[in-house]
Amino acid sequence: MNSSAADTGAAAAPDHGGGGNGLLWVLVAVAVLFAFLRPRAPMDWLRLVDWQTVGALAGLLAITQGVERSGMLQAAAQRLLARTHNQRSLALLLTASAAFLSALVTNDVSLFLLVPLTRVLATQAHLPLARLVVLQALAVNAGSALTPIGNPQNLYLWHRSGEGFVAFMGMMGPTVAVMLFWVFVAVWLLVPRTPIELKPEAEAAPVQPRMLALSALLFVGFVVALDRHWLLAGLGVVFGVFLVAYPRVLRGIDWALLAIIALMFVDLRQLAELPAVVALLGHWPITEGWRAYLAAIVTSQFISNVPAAILLDGHVRDLPALAAGVSVGGFGCVLGSLANLIALRLAKLPNGLREFHRISIPFLLVCAASALLLRLG
């Protein structure tokens, strides 16, 4: 296979407005501040980053670019719009798919599959793209909480709990039911039953079956490599194949997203290590019950739910409360879950953060209160 001009036609030049690069510069500034206040050796800085997560995202971003540039998403979007007649039905389909897939193939992977499709749908029809993507972010945070493999915090807490796979799902089931109930209520309230109005047809990008088949093959191989902890080998194959066959794919990767994720690990882990934070957690009565649940939600808003689960695990003895709290804590602030950032960046939304918080913060308050009442009941 060789590169041609055709592999640029299926996707516009990257415009990574979702989430904005303002967040990147804030994280850089915080890292510089920590460098002055708490100096570290260079290798210690590198150890703060979860390279497994960053590497996995890099490979998935490259493969997603390959799928987009193959023209398959444009063709799939046309077929979907031909079969769906109103915005609410489309939103329910996309949101339900996001929730279901996230429980099976993790929240991040489900976003890599659905958000690019949603963005292409919005190029072919008048759709509330920001709202659809935010609802998908809420859906994957909710759906992924059901299974031990749905998200990183569940995987960590599952191993710590010693529970069986099905038993863990039973523990999470009531909280997930509450979260999904409010997700679909949000869809019903926020997306009207308006007929879908198609935009004037642009020149269709040709579908490139070879690029699509190559991307699909690389996706399967990369997931297997991640499962067997062969990250470097998997990345080498993905980047090497695209570099030889379709080098323009690599130029479309959102490198700023990878920098944001890496800096989040650097900044948030140092924040969690501050003596004042450790002392505060040690003095708070958060070992169990509703206090543990609320502590997990609040902590997730500041340092994201995966670090929150790890940090609070040493202070909380009530694992169901901790697991429920960090799951609900993925809502609210965009930092609550890495999935939020990934969704906004994949959607390339210029005002994504504002729309996200306008929906997600009220959603957090309602969902947190409902799940708490369920636990107290």
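**Arg358 is partly exposed, with 46% relative accessible area, in this predicted model.** Its salt-bridge partner is Glu355. The closest N and O atoms of this pair are 3.3 Å apart. Arg358 and Glu355 both sit in helix H19, 3 residues apart, or about one turn of the helix. Shared partners join Arg131, Glu355 and Arg358 into one salt-bridge network.

**Glu355 also forms a salt bridge with Arg131.** The N to O distance here is 3.6 Å. Glu355 belongs to helix H19 and Arg131 to helix H7 (residues 129-143), so the pair ties together parts that are 224 residues apart in sequence. Are these two side chains buried or exposed, or in between? Glu355 counts as buried, at 13% relative accessibility. Buried means under 20% relative accessible area, so Arg131, at 23%, is partly exposed instead.

**Asp44 and Arg47 form a salt bridge within helix H2.** Their closest N and O atoms are 2.6 Å apart. Both residues lie in helix H2 (residues 42-48). They are 3 residues apart, about one turn of the helix. Asp44 is partly exposed, with a relative accessible area of 32%. Arg47 is exposed, at 56%. Across the whole structure, a search finds 6 salt bridges.

**Helix H15 spans residues 289-303.** It has 15 residues. From first C-alpha to last it reaches 21 Å, close to the 21 Å expected at 1.5 Å a residue. Which of its residues are buried? They are Ala292, Tyr293, Ala295, Ala296, Ile297, Thr299, Ser300, Gln301 and Ile303. Four helices are among the elements that cover them: H13 (255-273), H16 (305-313), H17 (319-328) and H19 (352-376). Ser304 follows H15, and its phi is positive, near 80 degrees.

**Helix H17 is largely enclosed by the rest of the structure.** The reason is a simple count: 9 of its 10 residues are buried. Those buried residues are Leu319, Ala321, Leu322, Ala323, Ala324, Gly325, Val326, Ser327 and Val328. What do they pack against? Their packing partners are helix H8 (152-161), helix H9 (165-190), H15, H16 and H19. H19 also carries Glu355 and Arg358 of the salt-bridge network.

**Phe219 meets residues far from it in sequence.** Phe219 lies in helix H10 (residues 209-227). Its relative accessible area is 26%, so it ranks as partly exposed. Which residues does Phe219 contact, leaving aside its neighbours within four places in sequence? They are Leu60, Ile63 and Val109. Gly59 marks the sequence gap: Phe219 and Gly59 are 160 residues apart along the chain. In space, their C-alpha atoms are 8.6 Å apart.

**Four residues form a nonpolar patch on the surface.** The members are Val32, Leu33, Phe36 and Leu37. Together they have about 460 Å² of accessible area. Leu37 lies in helix H1, which covers residues 22-37. How exposed is Leu37? Its relative accessible area is 61%. That is over the 50% cut-off, so Leu37 counts as exposed.

**The structure holds 0 disulfides.** Cys333 is in no disulfide, and the nearest cysteine sulfur to its own, that of Cys367, is 16 Å away. Cys367 is likewise in no disulfide, with the sulfur of Cys333 as its nearest, 16 Å away. A disulfide needs the two sulfur atoms within 2.5 Å, so this pair does not qualify. Where do the two cysteines stand on accessibility, buried or partly exposed? Cys333 is partly exposed, at 22% relative accessibility. Cys367 is buried, at 0%.

Notes: Residues are numbered from 1 along each chain as its sequence is written. This is a predicted model: local features need pLDDT of at least 70, side-chain atom pairs count only at pLDDT 80 or more; totals for chains, interfaces and linings use all residues. Side-chain values use heavy atoms; hydrogens and water are left out. Helices (H or I, at least four residues) and strands (E, at least two) are DSSP runs, numbered from the N terminus. The expected span of a helix is 1.5 Å times one less than its number of residues. Buried means under 20% relative accessible area, exposed over 50%, partly exposed in between (1.4 Å probe, protein chains only). Contact means heavy atoms within 4.5 Å. Patches are made of residues with over 30% relative accessible area and no salt bridge: like charges are joined within 9 Å, nonpolar side chains (Val, Leu, Ile, Met, Phe, Trp, Tyr) within 5 Å. Accessible areas come from the Shrake-Rupley method with a 1.4 Å probe; for residues, only the protein chains shown count as cover. A salt bridge is a side-chain nitrogen of Lys or Arg within 4 Å of a carboxyl oxygen of Asp or Glu.
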